[in-house]
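Open the model in a viewer and keep the selection panel at hand. The stops below can be followed in order.

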Amino acid sequence: MTESETHWTRGSGGNQGTYVQQQAPRPTEAALSIRGLKVVFHTYAGDVQALDGVDLEVQRGEILGLVGESGCGKSVTALAVAGLLPINAEVISGEVLLDGKNLLKMKKEAVRLSRLNDIALVFQDPMTYLNPVLTIGLQITEALTSDLKVFAEDLIAARMTKLEAMMKRSLTEEQELESLRRAKQSHNLSNKEGKRLASLRALDYLRLVRLSEPEKVLKMYPFELSGGMRQRAMIAMALVRRPRVLLADEITTALDVTVQAQILELLKDLRDKIDAAIVLITHDLAVVSEVCDRVAVMYAGSVVEVAGLVEFFKNPSHPYSKGLMAAILRPDLSSETLESIKGSVPDLINPPSGCRFHPRCPYAYQKCPESKPPMTEVSPGHAVTCFLYGG
Ligand code: SF4
């Protein structure tokens, strides 16, 4: 079985476990659904209506690009899903469904576990999130062994699968396999043995994110790694708990173009190998065009357009999306034809009434400030919130 023919899916431990390599078709069920999510930030200046009924769905095995300008609510959506909203934020209404279960209605401990195990966030600046005084290996193994009992069975299973897959096994490997079989039968794994297995798994994760010389990286501190290597290490740590949803927030923004291309290639590779939905949050449509399967455009706290990648770039339909596309530098157009969207991002303490884009929209008419346009399907899989569509 070649690397490209394999998928990394959840191990035998059901909800808990590590990735194991196996042949599997790419699944298409929705891993994450967000419905009518409204979030308000209480500030001294007033209530900031940050999310105004976000609707979004992400399938397993796909990369969804979530785009829009700064302050449109992309990151707040990710933080709301991951349960990491700041203390002054309040979820007013809506649903966040993870594999059909509404996280906003679950008991506190169940939500905590679900978010811890099933949702992973990777941010723009890994240096802020990596512990500077711990080696990369220790940080990954800590994530693996933080709940050793839960992971023990899968650590054993993963190591056994690997050893059993080796055609020619040495005497030491045979002995290890035998001791693992015994540990599995007795459900007993010492801390020392668990940490040794976790360390071997950490190496697997570093290989999964294509870090060269993973044995060396395991012993390195974050400051010894380049920006791209740090981002790969962060992604490896995020994958340790085999999330069903990986939220990648501007992960290529701080990287130079070559490294950015490598990280995007890695995301494409992971999409084919892990059994997860990936949401790539970015303000850069060029990044979206490189890796995403679908695109969702956000403006002033709501999703205004959703479409497949090719359809979106061929036929952007919402006036805001059209404005974004007209503002991109394209080799087939001279720079004189570049346009910008007039006006500026609205104040979300006093957002515009009706369609929040109406003060900037060249097509706005009487109805637009009066009510909020519904999401209308303009073609299969392509939907827009604008009164210009749907009669
Ligand atoms: Fe423009 Fe009206 Fe459509 Fe809003 S609903 S995008 S203001 S035309």
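Is alanine 300 buried or exposed? Alanine 300 is buried, with a relative accessible area of 2%; the model is a predicted one. Select the loop between β11 and β12 to find alanine 300. Check the backbone there: phi of alanine 300 is near 45°, a positive value in a residue other than glycine.

A second residue can be inspected in the same way. Go to the loop between β9 and α10 and select glutamate 250. Its phi is near 50°, again positive in a residue that is not glycine. At 11% relative accessibility, glutamate 250 counts as buried, because the cut-off for buried is under 20%.

**The sheet**

Now select the eight strands of the open sheet, in the order β8-β9-β10-β5-β11-β12-β14-β13. The pairing in this sheet is mixed. At the edges are β8, residues 119-122, and β13, residues 375-379, each of which pairs on one side only. From one strand to the next, the twist averages 20°.

Zoom in on β10, residues 277-282. Five bridges join β10 to β9, and the two strands run parallel. To see one of these pairs, select valine 245, whose bridge partner in β10 is alanine 277. Strand β5, residues 63-67, also pairs with β10 in the parallel sense, over five bridges. Here valine 67 stands opposite threonine 282 of β10.

How many of the six residues of β10 are buried? Six of the six are buried, and the strand is mostly covered. Show the side chains to see how the two faces divide: Ala277, Val279 and Ile281 are buried on one side, and Ile278, Leu280 and Thr282 are buried on the other.

Move along to β12, residues 302-308, and select valine 306, which lies in this strand. Valine 306 is buried, with a relative accessible area of 12%. Ten residues separate valine 306 from alanine 296 in sequence, while their C-alpha atoms are 4.4 Å apart in space. Leaving aside residues up to four places away in sequence, valine 306 touches Arg294, Val295, Ala296, Met375, Gly381, His382 and Ala383.

**Helices on the sheet**

Add helix α1, residues 74-82, to the display. Helix α1 lies across β5, β8, β9, β10 and β11, running at about 145° to β8. Next add helix α9, residues 227-239, which lies across β8 and β9. The angle between α9 and β8 is about 170°.

With α9 still selected, bring in helix α10, residues 257-273. The axes of α9 and α10 are 10 Å apart, and the helices pack at an angle of about 20°. The two helices are therefore roughly parallel to each other. The crossing of α9 past α10 is right-handed. On the α9 side of the contact, select Gly228, Gln231, Arg232, Ile235 and Leu239; these meet Val259, Gln262, Ile263, Leu266 and Leu270 in α10.

**The nonpolar cores**

Keep Ile235 and Leu239 highlighted and add Leu280. Of the 62 residues in the largest nonpolar core, these three touch the most other members. Apart from that core lies another, of 35 residues, among them Val58, Cys72, Leu247 and Ile281.

**An enclosed helix**

Select α13, residues 319-326. Six of its eight residues are buried, so the helix is largely enclosed by the rest of the structure. The buried ones are Pro319, Tyr320, Ser321, Gly323, Leu324 and Met325. To see what they pack against, show α11 (285-291), β11, β12 and α12 (309-314).

**The hairpin**

For the last stop, select β3, residues 30-43, and β4, residues 46-59. What do these strands form, and how many residues lie between them? The two strands form a hairpin with two residues between them. Their pairing is antiparallel, over eleven bridges. One pair to pick out is valine 40, which stands opposite glutamine 49 in β4.

Methods: Residues are numbered from 1 along each chain as its sequence is written. This is a predicted model: local features need pLDDT of at least 70, side-chain atom pairs count only at pLDDT 80 or more; totals for chains, interfaces and linings use all residues. Side-chain values use heavy atoms; hydrogens and water are left out. Two strands pair if DSSP finds at least two bridges between them. Helices (H or I, at least four residues) and strands (E, at least two) are DSSP runs, numbered from the N terminus. Axes are lines fitted to C-alpha atoms, for helices over the stretch in contact, and angles run from 0 to 180 degrees between N-to-C directions. Contact means heavy atoms within 4.5 Å. Buried means under 20% relative accessible area, exposed over 50%, partly exposed in between (1.4 Å probe, protein chains only). A nonpolar core is a set of buried Ala, Val, Leu, Ile, Met, Phe, Trp, Tyr and Cys residues joined through side-chain atoms within 4.5 Å. Angles under 35 degrees count as roughly parallel, over 145 as roughly antiparallel, 65 to 115 as roughly perpendicular and the rest as oblique. A crossing is left-handed if the near helix is turned anticlockwise from the far one by less than a right angle, and right-handed if clockwise.
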